[in-house]
Number of protein chains: 4
Amino acid sequence: MNTFGEKLKVSIFGESHGEAVGIVIDGLPPGFMPDMDAVRFQMRRRAPGQSPETTARREADEPEIVSGLFNGKATGAPLCCLFRNTDTKSGDYQPWLPRPGHADLTAHIKYKGFADYRGGGHFSGRLTAPLVFAGALARQLLSGVTIDAAAVRPSTNAILNAKKEGDSLGGQITCEVSGLPAGLGEPFFGSAESRLAALLFSIPAVKALEFENGITLSTERGSVSNTYPYAVLGGITTGKTLIFSVYLKPTPSIATEQDTIDLRTGLPAKLTVRGRHDPCIVPRAVPVVEAVTALGLLDLWLLSGMPL
Amino acid sequence: MNTFGEKLKVSIFGESHGEAVGIVIDGLPPGFMPDMDAVRFQMRRRAPGQSPETTARREADEPEIVSGLFNGKATGAPLCCLFRNTDTKSGDYQPWLPRPGHADLTAHIKYKGFADYRGGGHFSGRLTAPLVFAGALARQLLSGVTIDAAAVRPSTNAILNAKKEGDSLGGQITCEVSGLPAGLGEPFFGSAESRLAALLFSIPAVKALEFENGITLSTERGSVSNTYPYAVLGGITTGKTLIFSVYLKPTPSIATEQDTIDLRTGLPAKLTVRGRHDPCIVPRAVPVVEAVTALGLLDLWLLSGMPL
Amino acid sequence: MNTFGEKLKVSIFGESHGEAVGIVIDGLPPGFMPDMDAVRFQMRRRAPGQSPETTARREADEPEIVSGLFNGKATGAPLCCLFRNTDTKSGDYQPWLPRPGHADLTAHIKYKGFADYRGGGHFSGRLTAPLVFAGALARQLLSGVTIDAAAVRPSTNAILNAKKEGDSLGGQITCEVSGLPAGLGEPFFGSAESRLAALLFSIPAVKALEFENGITLSTERGSVSNTYPYAVLGGITTGKTLIFSVYLKPTPSIATEQDTIDLRTGLPAKLTVRGRHDPCIVPRAVPVVEAVTALGLLDLWLLSGMPL
Amino acid sequence: MNTFGEKLKVSIFGESHGEAVGIVIDGLPPGFMPDMDAVRFQMRRRAPGQSPETTARREADEPEIVSGLFNGKATGAPLCCLFRNTDTKSGDYQPWLPRPGHADLTAHIKYKGFADYRGGGHFSGRLTAPLVFAGALARQLLSGVTIDAAAVRPSTNAILNAKKEGDSLGGQITCEVSGLPAGLGEPFFGSAESRLAALLFSIPAVKALEFENGITLSTERGSVSNTYPYAVLGGITTGKTLIFSVYLKPTPSIATEQDTIDLRTGLPAKLTVRGRHDPCIVPRAVPVVEAVTALGLLDLWLLSGMPL
């Protein structure tokens, strides 16, 4: 449910305004010595507050590792890491007015009215902090692999304009992975694409995913598409560079008044979302896309039995 | 690896030119009485040979159920169903010349030279026959749910032209699912989108997936995108109609001579793919998309604990 | 549910009086060439009819491999093998009179009255045929490992006497595994003992399991027990010889009239079990114990990443 | 690996002398309001220091719940709970001298020399603290079910004598579970016995397990054993009271000098185990046996789809 992976298992937990969010990572090779500066660098890329484009919420996001490291090296036993929630303003949320485009209503239904509604609770983008942490470890283990993602997104000006108008924007992120060996992935449900897709669609706001220029290829003739340098065939990597794109919807939290329903009465209601939000989540999602990509690929690598 | 599902587990097996392909389905509700005519109807939709657009290979695809049914009703124990391979022409394949755009090379690498190369072996689209069978059962259990997919694809003329010129085409399939209850899906890795994506990307040739108009939404403002009638929020269904599209690359088997490498020597070589192939797989992929959708949704439904 | 294993996954299916029982084995190393004579030797050890101690049911138990082998070698894709049921006398069973000590009543409850009741259906010992088949493959892959089990059981005379009196006997099987490397197993739930226990308790009639003289050790002092040559410590193998014992209850099918309840009325009833049965299942269970041991150990070995 | 459960998933982490041990519990019913006094009562039963029979190590074992609860009620999202390690004396351990009967050597091998060796690290009995916590929640959810375990063990005098002589003792725990519904469990690998066995053998020191008087039954005739009031048949519960026994080896930590090998040289060496230890772990293992039993049964119950 909140767990992913076969040989590198990650389990995430936490709520946006609870004590902490965190992750348990099981399957790190014993002796692996994480470069914590590199981890913090990745955490900072995701952290808010680095530009006027992002939410005003400030979280130190300092990893609190409570197990699995000894003398700075992975012991082989599960590593658990927490990120405390410190800068919460829970008064901003009204549980009976689900915010449009958010998981508020579905969380309310699924968890029978007991979901922690504050800041989206367990469905918050804040849960991507532990994912970036885990991904930062994973990429250190993927020796020879480079994972580069870049946002294809509105300009800073456009974002700030949207913000000023109480609105928000979405965008696209394209990710390139070079240095993968041939032979990662399994047939069918365990294909490299299936595994990465399951991870990428777990990132809040991601609504579409295109592997390897797939949309364009679908309009070509076979004599052309067969010349494409595929990174994945039959679900298995070829050793060539993998390129994919994800498409993110705009941040659903906007300052403009919106229509919703009042869960107490079932009647239509008006809602003005308070709280501090990113007018465009795309820049902060870039390291998240890289992180889950690293997690998925490391798991496939370990599954393959090839040495790291 | 070749298994999918939590409460409805499916395991596929078989190779295109081996004895049979098949599936084990574990978790069917005891007492369920499959409508075998409806199953055969779905099998026929996927079967080749119904129009000049499809391969000339003829397979009866009559389900051979060897367990899990008693007096026509599901016993509760696993149901295993085989589909014999009868119309194989294995002489058409040369194991040392991987066909471009196919899994031949990656299967060769992954399985260390021991893959059954004939007709793509285990990576063949023939493995979708048992998936359509299982999906045909699943959709009968999804009471009140309608799954309609349609190809957005080249015209029959365009396909026949491509075929005549020794070429092939791809296309797009859009699927609409109505009648789903609210509350299906899990947060993050078990989101309705993650689960469906893992299944949809296991269909050979699918290279891109767009949920709910996601590509267009990524270019909208939040004030617009928030008015979209989302079927999934936070990974959980809302009860609204779900729409998604998959994009398929052209059939890689084309009659034109192509470049490949000779695995015996590692040197460039020329290959003319023989065998019988679909100039455009999109029409036959429509029931496959519906089938895996039904499987994924039934698994989520059973997981949710809601009564069927 | 009916699946076991992480890197070597087995899925069993079938009912005693249905078309067939069988198994899907996913994760066999590509290129592995099973010695089919050795497989048949193991199947014969489990087969009935080799002495007056066993049931009169005759099954050829010839493996019908429908996938996963090509030119006699494992392809890397799942191997599915069927065993047809040919010698069934289903008229011997009355669905409304559950046999004491059998799974008839619990299967009836669990599967809501739709279980295949004939010969125990899916709960029959006949399902151990595919397990012996899979174990026969697994032990060929466990190079350097010897798995020897022996029944500590009543004499043939005692068995025949019990049979004559319409009664049955149980017994004990002790298994010894030498040649294991150190380092197999995981902490806690994945311990070598936990994994083997899950498999051994899936064998019908096994009701107790003792690892490494554990019952006696529980009455010793630490200064003595610490000198025991443990094969497993902390769930991980030490490289020493592993010894364990399972205890099997007597065959519940006996010719004597017994008390049961009539499921149609809920009232007490009398039942005389017909059908053909083993007066003592212990001799035929020996190869089954060996087989699941081989399966569990091979899975742990593959999980460990050590080369075979 | 360190995860158990299908519908109620628990993942344990931590090392004996690290920051903390803990657990993530996924699948608690939303709205469930744990009685924390009852939880603390269970924690105290396992805690050391309540009698001269137990180790002198003192840990508050106060649950630090960091997620999954909101206003004292389960949110439906994963609950993570930590137990800080506060009273550690790590200087007592020499990594190059593995303690006989402990996991020191196997952990060293499995984790390639990087295991946290202090106090047994991840293999320590301290990891049972989070299991007792989780079990305390589970038993509250098992309405109508009573789980009573009792040690069949040496007298306090015998334990204190052994301690005085620098020695230790083992023992037996018998557990009785009443109030279970009929129909829990799955055939074969998912049998109630297989699931419970996997959990019970994950408790350090457990070396044997007897369900339902199984050892005695193995020596009876079928006409007698068939009259036993079985709680499990074919892996599925009957609704009758379940009884089983586990056998624990003596605490391997004893004050007497013992033989070991020096991992630096591979040569024989002498070792006197320091540290604080239980001369007989059996009394403190009683609540652990109950806890994992509750976890296993709750998971089976949730899997069955029956309402709690």
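## The D–C interface

Chain D and chain C bury about 6,000 Å² between them, with carbon and sulfur atoms giving 64% of that area. On the chain D side, the residues that lose the most area to chain C are D:Phe188, D:Phe189 and D:Lys207, which together make up 16% of what that side buries. Keep in mind that this is a predicted model. The size of an interface is often given as the accessible area lost when the parts come together.

How many residues does each chain bring to the contact? Chain D puts in 75 residues, and chain C puts in 75 residues too.

## Charges and polar contacts across it

There are 10 salt bridges between chain D and chain C. Sorted by class, the side of chain D that touches chain C holds 36 nonpolar, 28 polar and 11 charged residues. Side chains of opposite charge can pair when their charged atoms come close. For a concrete case, look at C:Lys207 and D:Glu212: they form a salt bridge whose closest N and O atoms are 3.4 Å apart. Polar contacts add to the picture, with 33 residue pairs found across the interface of chain D and chain C, both residues at pLDDT 80 or more.

The backbones get involved as well. Strand S10 of chain C (residues 206–211) and strand S10 of chain D (residues 206–211) pair up in the antiparallel sense over three bridges. In that pairing, C:Leu209 has D:Leu209 in S10(D) as its bridge partner.

## Aromatic pairs

Across the whole structure, the search turns up 31 aromatic pairs over all chains. One of them is A:Phe4 with B:Phe189: the ring centres are 5.7 Å apart and the planes sit at 55°, so the pair counts as tilted. Why does this pair join two chains? It does so because A:Phe4 lies in strand S1 (residues 3–4) of chain A, while B:Phe189 lies in the loop between strand S9 (171–178) and helix H5 (192–200) of chain B.

## An open sheet in chain A

Chain A has an open sheet of five strands, in the order S1-S2-S3-S7-S4, with antiparallel pairing. S1 and strand S4 (64–65) of chain A stand at the edges with a single partner strand each, so one side of each has no neighbour in the sheet.

Further in, strand S3 (residues 20–26) and strand S7 (residues 79–84) of chain A run antiparallel and are joined by six bridges. If you want a register point, A:Ile25 has A:Leu79 in S7(A) as its bridge partner.

## Inside chain C

Over all chains, the structure holds 84 salt bridges. Among them is C:Glu19 with C:Arg84, where the closest N and O atoms are 3.7 Å apart. This pair links distant parts of the chain, 65 residues apart: C:Glu19 is in the loop between strand S2 (9–14) and strand S3 (20–26) of chain C, and C:Arg84 is in strand S7 (residues 79–84) of chain C.

Chain C also has a hairpin to check out. Its strands S14 (residues 258–262) and S15 (residues 267–271) pair in the antiparallel sense over five bridges, and C:Asp259 stands opposite C:Lys270 in S15(C). The hairpin has four residues between the strands, and C:Gly266 takes a positive phi near 75° there.

How values were computed. Residues numbered from 1 in each chain as written. Chains lettered and ligands numbered in written order. Predicted model: local features only at pLDDT ≥ 70, side-chain atom pairs only at ≥ 80, totals over all residues. Heavy atoms only, no water. Contact = heavy atoms within 4.5 Å. Buried area = accessible area lost by both parts, 1.4 Å probe. Salt bridge = Lys/Arg side-chain N within 4 Å of Asp/Glu carboxyl O. Polar contact = N/O pair within 3.5 Å; in protein donor to acceptor, adjacent residues only side chain to side chain. Nonpolar A, V, L, I, M, F, W, Y, C, P; charged D, E, K, R; others polar. Pairing = 2+ DSSP bridges. Phe/Tyr/Trp six-rings, centres within 6.5 Å; stacked < 30°, edge-to-face > 60°.
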